[in-house]
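Student: Please take a close look at one chain of this model. I would like to see how its parts meet each other and how it meets a neighbour.

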Amino acid sequence: MQAFDYKKQILEPIKSLQGAPRAEMYVPGHRTCAGCGPALNYRLTAKAAGRDTIFVGPTGCMYVANSSYLCTPYAVSWIHAQITNGGAVASGIEGAYKILARKKKYDGPFPNIIVMAGDGGSVDIGLQAMSAMMYRGHDVLFICYDNESYANTGIQISPTSPYGANTTFTPPGKFIPEGNTLFPKDPPQLVIGGHPAVKYVATTCVSYPLDLMNKVRKALNVNGPTFLHMLSPCPKGWKFDEKLTLEMGRLAVQTGMWSLYEWENGEYKYTRIPKKYKPVSEYMKYQGRFSHLKEDHIAKMQAFVDEKISKIKAVAVEAPVPTPKAGA
Amino acid sequence: MSINVPKDREVPFGAVTPAPVNQQELFITSNWRIIRPIIDHEKCTRCFTCYISCPDSCWSFNEKEEQMEWNWKFCKGCGICINECPADALSAAPELDFPDGVVRLEKPF
Amino acid sequence: MAQEKMLSGCAAAAQAAKLAEVEVICSYPIRPYTAIMMELARMVANGELDAEFIHGEGEHAQLSVVLGASAAGARAYTGSAGVGVTYAGELYSPMAGGRYPIQMAIADRTLDPPGDFGSEHTDAMTFRDQGWLMGWASTPQEVFDNTLINYRVGEDPRVMLPQMVCQDGYFISHIPDKVILPESAQVKEFLPPYKAPHPLSLTCPVSHGPQIRPDQGAPMDAQRAATFLEVPKVIEEATADFNRIFGRNYNPYLETYQMDDAEIAFFVQGAHATTCKSAIRNLRKQGVKAGLVRPRWVRPWPTLQIAEALSNVKAVGTVETSTSYGGAMRGGNLIHELRASLYDLPVRPPVTSFMGGLGGEVVLLDDFYYMAKILTQMAKDKKTHRHVYWIGFEEE
């Protein structure tokens with residue numbers, strides 16, 4: 001196949017909140033909970049991506065709550081996907097635009113194709129489709145908005161639910177005092193681990209909007225598959241006062257529960273490393289999903305986070321991986 | 001034989017709906033809130049934090065008036081903007097205090 | 001220049017897809033349809049066909065990929081067999097209800113357990129309620145022709161439905177037979193380019209598939225059902241055009257063979273109809289007035305045409321190459337819809353069914369003679385003695 005110029009646009013960095021594009025591509029008028037973290041992530045992503053965008057929306061809160069009923073808040077084109085197949089539907093859209101451009105049936109800009117999948121739709125039931133899309137090298141941005149549960153169905157455990165979380169499938173009880181006994185998957189590491197076509201992976205947090213929007217733009221500028229893992233605090237699922245959504249995000253980063261970094265062509269760059277990490281209890285004390293935990297459970301969580309944090313410097317000095325040639 | 005769907009029950013072909021432009025009028029959420037944010041324009045530093053923090057895009061900058069403008073129709077009263085404002089310019093007031101407060105819709109959706 | 005070639009059903013399907021200028025193909029290997037994709041891969045690699053050839057990670061992904069491609073405005077093609085068809089199950093209703101007219105080539109395979117590469121129709125028949133167009137070819141030529149006809153009908157603005165173009169695994173998919181390949185100009189005359197009504201566009205943004213309330217679900221279903229009332233007219237137009245442009249002689253709904261004076265009739269779809277026709281010629285030599293009705297469409301089911309074709313026979317027997325465990329007749333699938341088609345006739349012929357060809361077994365000429373003997377007895381007695389006979393399992 002000869003090389004074909006798909007008229008890929010380049011999005012400029014956003015320098016300030018006042019300088020961010022004013023146009024809303026995710027408009028008011030949706031049934032998401034008051035204070036919804038995923039909704040704010042969607043809004044910021046859509047704002048950064050701009051008008052030449054197509055969203056793929058696997059089933060989840062960001063499908064059902066956004067599109068009730070027979071109306072959506074997306075000012076750009078959007079298609080519902082099954083929770084199982086966000087990556088696959090996006091692959092088909094991308095392939096279609098490529099062939100239509102080649103056959104001169106379409107001569108506009110190549111769209112920003114973005115999958116907005118929840119944690120389940122990214123690394124549980126949607127894992128296969130996400131991984132295959134990364135492997136095949138489609139020019140698509142896959143976003144995992146992580147509210148750490150299957151929230152739309154009423155808060156059930158997902159592979160990113162933290163240890164000790166009270167969910168309706170992991171309620172604490174006499175025989176299972178901590179509720180959730182499992183430690184979560186690490187979505188960006190799943191992608192970074194073994195997909196040669198992926199050039200850029202990053203984590204974001206809704207409390208750092210400029211950082212988030214710029215990572216979205218950076219990912220969209222890459223000609224190939226990219227992955228963003230977005231922390232999306234969920235007032236209903238995590239059981240905190242809805243006005244504290246951004247506070248939860250900040251505390252997640254300040255305690256080490258969430259790391260903010262980019263991975264680009266084999267190298268890690270940390271966006272923010274606290275000088276001194278706050279104890280995880282500072283984060284957990286606001287959230288009803290942890291209120292049943294005892295000292296020893298919280299200690300277990302602290303140990304898990306400590307190990308994760310301790311690896312940060314080590315990861316940064318690992319032997320560099322081969323960097324693909326420019327334009328690949 | 002024919003299958004007739006009454007006009008007022010028709011759904012669009014293939015469940016494809018047009019995209020909204022600025023607001024989705026078919027899902028108004030003003031009647032969700034029990035508090036609303038009140039802004040003190042004197043204290044406001046135009047930092048745009050409230051603007052960027054709202055999941056429902058209910059703060060915008062009015063270029064003509066040169067001040068932040070609040071969206072009465074869609075604000076859910078979550079209180080994030082009030083909590084985040086670094087200049088203490090936002091405070092919460094009970095929705096019932098206002099003549100246009102506690103919006104009732106004609107039908108549920 | 002139209003040419004005649006010896007092609008298997010798989011090769012014929014690939015040739016038709018090429019001439020239809022499919023734009024996005026999503027592959028995944030499973031016997032016995034894989035050869036269609038291997039052939040298309042070869043064509044894409046050497047430039048015979050300009051298409052995006054996407055290596056799906058499974059059959060569920062195949063359907064998902066082509067759904068996205070169709071929503072974006074491309075003509076999309078995929079295929080599968082057996083448990084691959086069932087694995088994709090989640091996508092059939094979204095594809096049909098979303099009105100994405102993709103085409104799925106199915107070379108049938110018996111469902112697990114355990115592995116069995118032979119042909120049964122159950123894989124596709126199981127999904128006949130999902131709202132797709134569906135029908136069986138009985139020769140590689142018909143596989144080729146059905147590919148083009150199905151795109152033409154499915155993409156018609158009055159229809160906009162996905163299609164399953166089915167062929168028996170091995171018997172049709174792998175055994176070469178004469179296929180006339182038309183010129184590209186003929187195909188262009190018959191098949192206009194695909195025009196999605198509301199593609200995922202940057203300039204005219206749309207939302208595909210927002211959540212609905214239950215009371216909005218009923219009208220969705222009603223509109224899908226109403227479309228199927230429109231489909232027969234489109235099938236008739238398309239078949240007439242096809243016959244004219246390509247020089248064939250298809251009846252839009254059924255193939256009838258020696259039915260003018262038939263007293264007993266076989267109702268068979270797919271490959272075994274060919275053996276049936278041989279059996280009928282031999283039976284006729286012995287004075288048995290046998291005939292064949294072969295449905296070319298399962299969805300939409302040609303109810304009136306079947307009733308008309310069988311209105312004067314004295315006994316009918318289906319050859320079931322699919323299973324419906326616990327079903328009303330405790331046999332296969334065709335018998336239920338056949339009996340429903342005949343129910344309103346003033347005089348109903350006795351109807352039975354023969355479980356034959358299951359697992360991919362051959363249905364022999366001797367089997368057809370056995371069936372003819374039973375049907376002849378039914379005609380004489382003017383009644384159905386049993387609803388199901390298991391070929392090869394009955395005591396003589």
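Tutor: Here is a walk through chain C, from its domains to its contact with chain A.

The model is predicted: local features need pLDDT of at least 70, side-chain atom pairs count only at pLDDT 80 or more, and totals for chains, interfaces and linings use all residues. Residues are numbered from 1 along each chain as its sequence is written, with chains lettered from A and ligands numbered from 1 in the order in which they are written.

An automatic or database domain assignment gives chain C domain 1 (3-246) and domain 2 (254-390). Their C-alpha centres lie 28 Å apart. The contact (C-beta atoms, placed from the backbone, within 7 Å) takes 25 residues from domain 1 of chain C and 19 from domain 2 of chain C. On the domain 1 side, α6 (122-125), β6 (133-136) and α9 (214-246) of chain C each give two or more residues. β6(C) has the largest share, four residues. Helices (H or I, at least four residues) and strands (E, at least two) are DSSP runs, numbered from the N terminus.

Now the neighbour. Chain C puts 37 residues into its contact with chain A, and chain A puts in 42. On the chain C side, β3 (52-55), α3 (59-71) and β9 (206-208) give two or more residues. α3(C) gives the most, nine residues. β9(C) also runs parallel to β2 (77-81) of chain A, joined by two bridges; strands pair if DSSP finds at least two. There, I79(A) stands opposite H208(C).

Note on methods: Contact = placed C-beta atoms within 7 Å.
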